[in-house]
Amino acid sequence: MHHEETFTDRNVSEQSAYYYVDIESYPTTGWDKFKQVVKRTFSGELFVGLWVVMREMIKFDIHTVQYPLEKLPIGPRYRAVHKLLRLWESGYERCIGCGLCEKICISDCIRMDTKIDENSRKEVTEYSINLGRCIFCGYCAEVCPELAIVHGDRYENGSEQRAHFVIKDDMLTPLDMLKAGQQSEYPGFGAIIPGSDAAVKKTPLAY
Amino acid sequence: MDIAFIIETIVKIVVILLIFSALAGFGTYFERKVLAFMQRRLGPMHVGPYGLLQIAADGIKLFTKEDIIPQNVVKPIFKIAPVITAATAFMAAAAIPFWPQFTVMGYTVHPIVADINVGILYVLGVMAIGLYGPLLGGMASANKWSLISAARSAAIFISYEVITGLSLLAPLMMVGSLSLIDINNYQTGGIGHWIVWSQPVAFILFWIAAFAETGRTPFHLVANDHEIIDGFGTEYSGMRWGLFFIGEYANMFFISFVISIIFLGGFGDGTIAGAIQLILKVAFFFFFFLWTRAAWPDVRPDQLMWLCWKVLMPIAVLNVVVTGIVMMF
């Protein structure tokens, strides 16, 4: 049940400025109190209340999200458990082992081991995030030059072990999912700004 | 007294007990659904189709929960109090005609356990004894919230007994009988003969008092969740708490029957159509209990007392006097 709800603009402006509610002074004498009671009794306020709830029941505009079956869309900048992405064409891991994420991580929870493989390409052998320390600040995704580590949308992280989410094999897009086109580019933290292709300029030959 | 009468009475008692115990369960389901719809929610959805089996789940939960008797309570009274509430609620049903009489295989069945000549007096009296459930349960609980609730329930129930009694006096003067069947038969002439037209004030007063008698929302301060937790029910668990609940819902159904029979013509001339009308009237009054719970705020105890003694009681007395004067001339 995905639907975009349009919200009314509730910002206070010149046109809809605050105003003071007109509060009458409290009655002091018995006769005034009696008059107030009579006024309130016969003003029909109780029936307005009855009508409002009945109207909502008839309109049946239910706002319940039946959570495990239906989910609300989350914002693209939401920072859930991390993901490691693959290159679309070759299927190689995008991570080049530069170590920037490890360096920038302010809670010091990313740890990686690298080696030079037979193609003289730097290969990441171990990559782990200690979710017990991660504060989900998003710096790793922001600093990554290859869009390799991103924050995914997997916010349902109930498990017996925190480590279950951050073993490298769990974070990395599996090859079969990549071939099925199920790896999604993440529009959130560290992603390319829309229209950035047009902003790229050729390096002048004079350099 | 012949055997057939005894068997018939026992069968009727068992049927009423079973139907209204089950209806109390369905009542909770309807209440949760109606309140949810009025608040743009869905209510119970997960147990069974549209949450229909939620009643069974609740029942299993209540039956299998541990029955905790706290340390400092007065044990015998604490144990008996929920039974008083449930038992008096069902005892009150004995004088209520639930359906016009009908004939099965040549045997005429009166769907009323005992057509006593003081019917409505008996119903109101037994419902008034229901006060001892919250009162004794709350006082025996060794809990300050329960104690406040007990004090409130005593004040409210006793005060509003006055309203129910005085407001009913005027219709009873017109009918000249306390039997609910006689009251029903007084109005058999159709919708124009309903007592509500000649006694609208009494009708409104009795209806208001019904909310206090059953402890429903505008007057729900016997167990107001936000001030005194669950009131007299705070220390109760399992089926003892369930008995309080069944008593409350059974009371709601029975008082709906009483209002429908006294003021809105009951089952009319006794045909099937009239009987179905009675069910619809009862359903409306039950629905109104839920409706007000969604719409109206609670009043404070002092406001409730003020309303009872300074507004409703004088109006009720005036109503009786005016009815008497009109009948005299």
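This briefing walks through a two-chain model, from its nonpolar cores to the place where the chains touch. Keep in mind that the model is predicted. Chain A has 207 residues, with 7 helices and 4 strands. In chain B, we'll look at a big nonpolar core, two helix pairs and one residue at the meeting point with chain A.

**Chain A at a glance**

- Reading from the N terminus, the elements of chain A go α-α-β-α-β-β-α-β-α-α-α.
- Just 14% of the residues in chain A count as buried.
- Take the contacts in chain A between residues at least 6 apart in sequence: 70% of them link residues at least 24 apart.

**The nonpolar cores**

- The largest nonpolar core is made of 91 residues.
- Helix α11 of chain B, which covers residues 238–263, is the top contributor to this core, giving 17 residues.
- A second core sits apart from that one and has 18 residues, including A:Cys101, A:Cys140, A:Met171 and A:Leu172.
- Back in the largest core, the residues with the most contacts inside it are B:Ile96, B:Val123, B:Ala250, B:Phe253, B:Phe254, B:Val258 and B:Ile259.
- Let's zoom in on B:Ile96: if you skip residues up to four places away in sequence, B:Ile96 touches B:Ile112, B:Val123, B:Leu180, B:Phe254, B:Phe257 and B:Val258.

**Helices α5 and α6 of chain B**

- Helix α5 (residues 132–140) packs against helix α6 (residues 144–175) at an angle of about 155°, and their axes are 7 Å apart.
- Angles over 145 degrees count as roughly antiparallel, so α5(B) and α6(B) are roughly antiparallel to each other.
- Their crossing, α5(B) over α6(B), is left-handed.
- On the α5(B) side, the contact uses B:Pro134, B:Leu135, B:Gly138 and B:Met139.
- On the α6(B) side, you'll find B:Ser146, B:Leu147, B:Ser149, B:Ala150, B:Ser153 and B:Ala154.
- Sort the residues of this contact by class and you get 6 nonpolar, 4 polar and no charged.

**Helices α6 and α9 of chain B**

- Helix α6(B) also pairs up with helix α9 (residues 200–214) of chain B: their axes come within 9 Å and cross at roughly 155°.
- That angle makes α6(B) roughly antiparallel to α9(B).
- The crossing of α6(B) and α9(B) is left-handed.
- Residues of α6(B) in this contact include B:Ile156, B:Phe157, B:Tyr160 and B:Ile163, while α9(B) brings in residues including B:Ala202, B:Leu205 and B:Phe206.
- By class, the contact of α6(B) with α9(B) holds 12 nonpolar residues, 2 polar ones and 1 charged one.

**Where the chains meet**

- On the chain B side, 10 residues are in contact with 13 residues of chain A.
- Two elements of chain B, α1 (3–38) and α12 (272–295), each give two or more residues to this side.
- The largest share comes from α12(B), with 3 residues.
- The side of chain B that touches chain A has 8 nonpolar, no polar and 2 charged residues.

**A closer look at B:Met38**

- B:Met38 is part of helix α1 of chain B.
- B:Met38 counts as buried because it has 21 C-beta neighbours inside 10 Å.
- Which residues are in contact with B:Met38, leaving aside its neighbours within four places in sequence? They are A:Val53, A:Glu56, A:Met57 and B:Ala294.
- B:Met38 and B:Trp291 are 253 residues apart in sequence, but their C-alpha atoms are 8.3 Å apart in space.

Notes
Residues are numbered from 1 along each chain as its sequence is written. Chains are lettered from A and ligands numbered from 1 in the order in which they are written. This is a predicted model: local features need pLDDT of at least 70, side-chain atom pairs count only at pLDDT 80 or more; totals for chains, interfaces and linings use all residues. A nonpolar core is a set of buried Ala, Val, Leu, Ile, Met, Phe, Trp, Tyr and Cys residues joined through C-beta atoms within 7 Å. A residue is buried if 20 or more other C-beta atoms lie within 10 Å of its own, exposed if 12 or fewer, and partly exposed in between; C-beta atoms are placed from the backbone. Two residues are in contact if their C-beta atoms, placed from the backbone, lie within 7 Å. Axes are lines fitted to C-alpha atoms, for helices over the stretch in contact, and angles run from 0 to 180 degrees between N-to-C directions. Angles under 35 degrees count as roughly parallel, over 145 as roughly antiparallel, 65 to 115 as roughly perpendicular and the rest as oblique. A crossing is left-handed if the near helix is turned anticlockwise from the far one by less than a right angle, and right-handed if clockwise. Ala, Val, Leu, Ile, Met, Phe, Trp, Tyr, Cys and Pro count as nonpolar, Asp, Glu, Lys and Arg as charged, and the others, Gly among them, as polar.
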